[in-house]
Amino acid sequence: MTQDVQWQHWMPCQVIIWKIQIIMEWTPVIFVTFKLLVLGIGMFFAIKWHYDQGKKSRKVIEEELRVVLRASAKVIVIFIVALLGVGFVTFLLAKALGMDLNLS
C-alpha cells in the first residue's frame with residue numbers, strides 16, 4: 001500500500017520533468033528560427049535602403065549631408081557646454097568643501 005502511494009506521488013514529478021525535456025529539445029529550434037527570421041528581415045531592409053540611396057539625386061544627398069553636419073555641430077557644442085558646466089560645478093563644490101585645488 002505504501003509503495004502505491006509513493007509511486008502516485010512521484011508520477012506527476014516525472015511527467016513534469018518529461019514535459020520540460022520535450023520543451024528544452026524544441027528551444028534551440030525556435031530560437032534559431034527566430035534569429036534567422038530577424039536577420040533575414042534586417043538584411044532585406046538594409047539592401048533596400050542602400051538601393052534607395054543609390055537612386056537619390058546629388059542635390060538631395062548634399063542637402064541631407066548639410067543637415068547631418070549641422071545637427072552634429074549642435075551636439076558637439078551642447079556636449080562642450082555641458083562639460084564646462086559640470087567642471088565649473090565640480091570646482092565650486094570642491095572649493096565649498098575646502099579642498100586644496102592648487103596645481104603646484
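Here is a short conversation about a predicted protein model.

User: Let's start with the overall build: how many helices and strands does the protein have?
Analyst: Happy to begin there! One helix, α1, covers residues 2-55, and another, α2, covers residues 58-96. The search for strands gives zero, so the count for this predicted model is two helices and zero strands.

User: What distance separates the end C-alpha atoms of helix α2, and what span should its 39 residues have?
Analyst: Good one to work through by hand. The expected span is 1.5 Å times one less than the number of residues. For the 39 residues of α2 that should give 57 Å, and the end C-alpha atoms agree with it, being apart by 57 Å.

User: Which residue with a positive phi follows α2?
Analyst: Look just past the end of the helix, which covers residues 58-96. The residue there has a phi near 80 degrees, and its name is Gly-98.

User: How much of the protein is buried?
Analyst: A residue counts as buried when its relative accessible area is under 20%. The protein has 104 residues, and the buried share of them is 2%.

User: What share of the exposed area do carbon and sulfur atoms supply?
Analyst: The protein exposes about 10200 Å². Of that area, the part supplied by carbon and sulfur atoms is 75%.

User: Which kind of aromatic pair do Phe-44 and Phe-45 form?
Analyst: A pair of aromatic rings is described by the distance of the centres and the angle of the planes. Searching the whole structure gives one aromatic pair. Its rings belong to Phe-44 and Phe-45, with centres 5.2 Å apart and planes at 70 degrees. Planes over 60 degrees apart count as edge-to-face, so this pair is edge-to-face.

User: Is Phe-44 exposed or buried, and what about Phe-45?
Analyst: The cut-off for exposed is over 50% relative accessible area. Phe-44 has 51%, so Phe-44 is exposed. Phe-45 has 49%, which means that Phe-45 is partly exposed.

User: How many salt bridges are there in the whole structure?
Analyst: Side chains of opposite charge can pair when their charged atoms come close. Examples include Asp-52 with Lys-48 and Glu-62 with Arg-58. Across the whole structure, the number of salt bridges is three.

User: Where do Asp-52 and Lys-48 sit, and how far apart are their closest N and O atoms?
Analyst: Both residues belong to helix α1, and because they are four residues apart, about one helical turn separates them. Asp-52 is partly exposed at 31%, and Lys-48 is partly exposed at 40%. Their closest N and O atoms are apart by 3.2 Å.

User: In the salt bridge of Glu-62 and Arg-58, which residue counts as exposed?
Analyst: These two side chains meet at 3.8 Å, N to O, and the residues are four apart in helix α2. Glu-62 has a relative accessible area of 38%, so Glu-62 is partly exposed. The exposed residue, at 60%, is Arg-58.

User: What is the closest N and O distance between Glu-63 and Arg-66?
Analyst: Glu-63 and Arg-66 are three residues apart in helix α2, so about one helical turn lies between them. Glu-63 is partly exposed at 39%, and Arg-66 is partly exposed at 43%. The distance for their salt bridge is 2.8 Å.

User: How much accessible area does the nonpolar patch with Phe-88 have?
Analyst: Phe-88 lies in helix α2. It forms a surface patch together with Phe-91, Leu-92, Leu-93, Leu-97, Met-99 and Leu-101. Together, these residues have an accessible area of about 710 Å².

Technical notes
Residues are numbered from 1 along each chain as its sequence is written. Side-chain values use heavy atoms; hydrogens and water are left out. Rings of Phe, Tyr and Trp (its six-membered ring) pair if their centres lie within 6.5 Å; planes under 30 degrees apart count as stacked, over 60 as edge-to-face and the rest as tilted. Buried means under 20% relative accessible area, exposed over 50%, partly exposed in between (1.4 Å probe, protein chains only). A salt bridge is a side-chain nitrogen of Lys or Arg within 4 Å of a carboxyl oxygen of Asp or Glu. Accessible areas come from the Shrake-Rupley method with a 1.4 Å probe; for residues, only the protein chains shown count as cover. Patches are made of residues with over 30% relative accessible area and no salt bridge: like charges are joined within 9 Å, nonpolar side chains (Val, Leu, Ile, Met, Phe, Trp, Tyr) within 5 Å.
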